[in-house]
Amino acid sequence: MAVLSLTNAHLAFGHVPLLDGANFALETGERVGLIGRNGTGKSSMLKILAGIEKLDDGLLQLQQGLTSVYVPQEPVLRPEATIFDVVSEGVAEHKSLRARYELHDENDDLGWVQERIEQIGAWNWEQRVEETLHRLGLDAERRVGELSGGLKKRVALARALVAQPDVLLLDEPTNHLDLDAIRWLEELLTSFKGSLLLITHDRAFLDNVANRIVELDRGQLRGYPGNFAAFQAAKAYELENEALANARFDKLLAQEEVWIRKGVEARRTRSVARVQRLQQMRQEHQARRDVQGKVRLDVATGESSGKIVAELEKVSKRYGDRDIVRDFSATILRGDKIGLVGANGAGKTTLLKMILGELPPDSGSVRLGSRMSVAYFDQMRDALNLQATLADTISPGSEWIEIGTQRKHVKSYLSDFLFSPARADSPVSSLSGGERNRLLLARLFARPANVLVLDEPTNDLDIETLELLEELLADYEGTVFLVSHDRRFLDNVVTSTIVNEGDGNWREYEGGIEDWLTQSRRAAELRARQAPAAVAAPVPAAAPAPAPVVATKRKLSYKEQRELEELPARIAALETELAHLHALLNGTEIYTQGGTRLGEVTARVAEIDDALLVLMERWEVLEAK
């Protein structure tokens with residue numbers, strides 16, 4: 001049963017239709033992910049459903065008595081208030097009713113007030129707030145103005161959840177949250193009893209939370225059952241069919257245009273119905289809204305750096321009585337793609353500055369490579385002059401720009417990043433958050449550099465641009481340092497991950513987030529298995545003698561070397577097949593093919609999981625040698 005719906009919805013900004021006769025319904029208990037390119041109107045649609053904005057035309061219907069709460073990208077909170085007071089705003093009606101009842105105002109209908117209090121459970125609103133704060137790990141007495149961006153987002157979510165709404169509307173809920181907080185939010189939302197509609201570009205988050213994807217594309221809303229992986233498979237098939245249909249239509253239209261222009265004799269005998277059909281086809285072609293252009297990304301690498309970018313030997317850094325980095329050693333080589341992972345405030349920026357030689361360590365040594373040229377992507381966009389034009393931001397004082405061996409006009413270059421030539425002279429202040437990120441990327445890639453430092457580049461970027469940025473960074477010949485909480489983005493880009501493990505301890509793992517989680521989990525299991533064995537069977541005094549021989553590394557045999565080189569491809573092939581099978585299981589089609597087919601797919605998933613475990617363990621053994 002639909003709790004809210006849009007029918008024939010129209011909304012336009014200027015001449016651009018954001019909703020063009022769109023239809024949408026949110027069912028009871030659904031968790032819907034709303035996706036689409038930046039600027040297509042996703043946030044506007046969420047505000048319409050929340051009653052903050054109005055449609056130009058169309059119908060919004062809400063279930064009678066429905067309660068909904070909207071949490072924007074950047075929630076407004078009173079900085080001077082305590083967390084308890086701000087979260088209590090979510091139960092404002094509860095507080096007001098109980099205060100009215102306790103005052104015993106003779107002008108009040110106390111019978112109605114008491115009935116309403118019991119209906120919404122207002123007698124114990126303080127307990128509800130305290131329980132919510134406890135679940136979300138928030139200190140009731142702290143001032144909101146003292147909090148980090150991630151904690152402020154958590155307070156806004158607490159204020160929404162304490163109201164126990166029927167519908168929760170979230171705009172980019174993972175922004176400013178670290179990995180632990182994102183996983184916590186996933187668990188929170190999957191256990192939420194009401195209906196959920198959220199906007200996010202975090203693909204892993206969508207896979208774990210959403211059970212339906214709705215895409216806002218060219219003014220229309222299209223729904224796809226399942227999570228994001230299922231959507232990707234269905235969308236690829238749909239776009240392929242759309243391209244074929246458009247090609248057939250265009251070919252037929254061209255043939256009809258040739259026919260209508262034939263000589264006098266042909267015109268005398270032409271069919272009136274055929275002429276009418278041609279006129280209708282012309283109108284359809286003119287009205288057709290083709291798939292929008294794609295961002296075309298290129299980067300000027302400049303001169304290659306030396307083979308070694310940085311070599312750190314037992315570096316440490318303290319601030320006051322707190323260890324930020326302790327005895328960390330690593331060697332960064334040209335072409336490495338390094339992900340830095342840690343909770344907000346863990347010291348990722350401090351470690352990165354030491355790696356790049358911008359901050360000296362308290363102890364230990366840092367040796368920098370030669371010919372390093374570093375370009376930065378600033379998370380807070382502080383580097384952008386809001387009064388400057390887009391063209392001046394990219395190429396100050398010149399209409400041309402050098403990208404590698406190519407020379408481009410600045411307007412052409414901006415169009416590669418989906419900025420129309422007419423907007424080249426617009427001020428930066430006129431851009432949305434996602435557009436400013438795109439402009440920063442355009443400026444970053446216009447400057448020759450062999451080391452890229454990207455601090456949260458994925459915030460406000462749409463999924464299509466994220467995927468293209470992944471391709472660019474994967475092909476980039478220089479070195480990349482990437483600070484991000486987007487798990488899928490890290491997994492698709494980095495070759496190794498430097499992870500904060502608490503108390504200033506940092507450790508480098510091969511691969512991305514999933515590889516780190518797998519390796520750390522396996523290491524914990526090995527320690528757990530070895531600990532009881534050590535207690536049960538103490539080693540005799542003479543036993544330690546052979547240990548140095550065992551610990552000494554030996555050269556891999558030719559067969560082992562070949563096996564090690566082939567392992568990544570074998571693992572990647574199995575992971576690709578596993579992703580395809582998960583997409584099938586998250587979709588609906590397989591459940592119409594009978595129990596036998598479902599059993600086959602489920603069994604194959606289990607086989608691949610076991611095979612991947614064996615291959616990963618073998619990889620660790622060979623790497624250790």
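**Figure 1. Thr497, a buried residue in strand β19 of the predicted model.** Because its relative accessibility is 1%, Thr497 counts as buried, and this residue belongs to strand β19, which covers residues 496–500. In this predicted model, the side chain of Thr497 reaches the backbone oxygen of Gly511 at 2.5 Å. Gly511 also appears among the residues that Thr497 touches once those up to four places away in sequence are set aside, together with Gly339, Val341, Arg507, Glu508, Tyr509, Gly512 and Ile513.

**Figure 2. Leu179 of helix α7 beside His485.** Leu179 lies in helix α7 and has a relative accessible area of 5%, so it is buried. Although Leu179 and His485 are 306 residues apart in sequence, their C-alpha atoms are 5.6 Å apart in space. Leaving out residues up to four places away in sequence, Leu179 touches Val341, His485, Arg487, Ile513 and Trp516; Val341 and Ile513 are also among the residues touched by Thr497. Across the chain, 69% of the contacts between residues at least 6 apart in sequence join residues at least 24 apart.

**Figure 3. The packing of helices α6 and α7.** Two packed helices are described by the angle between their axes and by the distance between those axes. The axes of α6 and of helix α7, which spans residues 179–190, come within 13 Å and cross at roughly 10°, which means that α6 is roughly parallel to α7. On the α6 side the contact is made by Arg154, Leu157 and Leu161, which meet Ala181, Trp184, Leu185 and Leu188 of α7. Sorted by character, the residues of this contact comprise six nonpolar, no polar and one charged.

**Figure 4. The packing of helices α3 and α5.** Helix α3 is formed by residues 92–103 and helix α5 by residues 125–135, and the two pack with their axes 10 Å apart, at an angle of about 155°. Because of this angle, α3 is roughly antiparallel to α5. His94, Lys95 and Arg98 are the residues of α3 that meet Trp125, Glu126 and Arg128 of α5. The residues in the contact of α3 with α5 divide into one nonpolar, one polar and four charged.

**Figure 5. Leu168 and Leu189 in the largest nonpolar core.** In soluble globular proteins, nonpolar side chains tend to be buried together. The largest nonpolar core of this model holds 46 residues, and of these Leu168 and Leu189 touch the most other members. When residues up to four places away in sequence are not counted, Leu168 touches Val69, Ala160, Leu161, Leu189, Phe192, Ser195, Leu196 and Leu197. There is also a second, separate core, made of 44 residues, including Ile403, Leu431, Ala442 and Leu454.

**Figure 6. Gln164 and Arg218, two loop residues with positive phi.** Gln164 is not a glycine, yet its phi is positive, at about 50°; this residue sits in the loop between α6 (149–161) and β6 (167–171). Arg218, which is likewise not a glycine, has a positive phi of about 55° and is placed in the loop between β8 (212–217) and β9 (220–225). Which of these residues is buried and which is exposed? Gln164 has a relative accessibility of 52% and therefore counts as exposed, whereas Arg218, at 10% relative accessibility, counts as buried.

**Figure 7. The enclosed helix α12.** Helix α12 consists of eight residues, 348–355, and six of them are buried, so the helix is largely enclosed by the rest of the structure. The buried residues are Lys348, Thr350, Leu351, Leu352, Met354 and Ile355. After α12 comes Gly357, which has a positive phi near 80°. In the chain, which has 625 residues, buried residues make up 44%.

**Figure 8. Thr389 in a loop, beside Asp425.** The loop between β14 (374–377) and α13 (390–394) contains Thr389, which is buried because its relative accessible area is 17%, and buried means under 20%. Thr389 is 36 residues away from Asp425 in sequence, while the C-alpha atoms of the two are 5.1 Å apart in space. Apart from its neighbours within four places in sequence, Thr389 is in contact with Ala424, Asp425, Ser426, Pro427 and Val428.

Note on methods:
Residues numbered from 1 in each chain as written. Predicted model: local features only at pLDDT ≥ 70, side-chain atom pairs only at ≥ 80, totals over all residues. Heavy atoms only, no water. Core = buried A, V, L, I, M, F, W, Y, C linked by side-chain atoms within 4.5 Å. Buried < 20%, exposed > 50% of the residue type's maximum accessible area, 1.4 Å probe, protein only. Contact = heavy atoms within 4.5 Å. Axes fitted to C-alpha atoms, helices over the stretch in contact; angles between N-to-C directions. Helix = DSSP H or I, 4+ residues; strand = E, 2+ residues; numbered from the N terminus. Parallel < 35°, antiparallel > 145°, perpendicular 65-115°, else oblique. Nonpolar A, V, L, I, M, F, W, Y, C, P; charged D, E, K, R; others polar. Polar contact = N/O pair within 3.5 Å; in protein donor to acceptor, adjacent residues only side chain to side chain.
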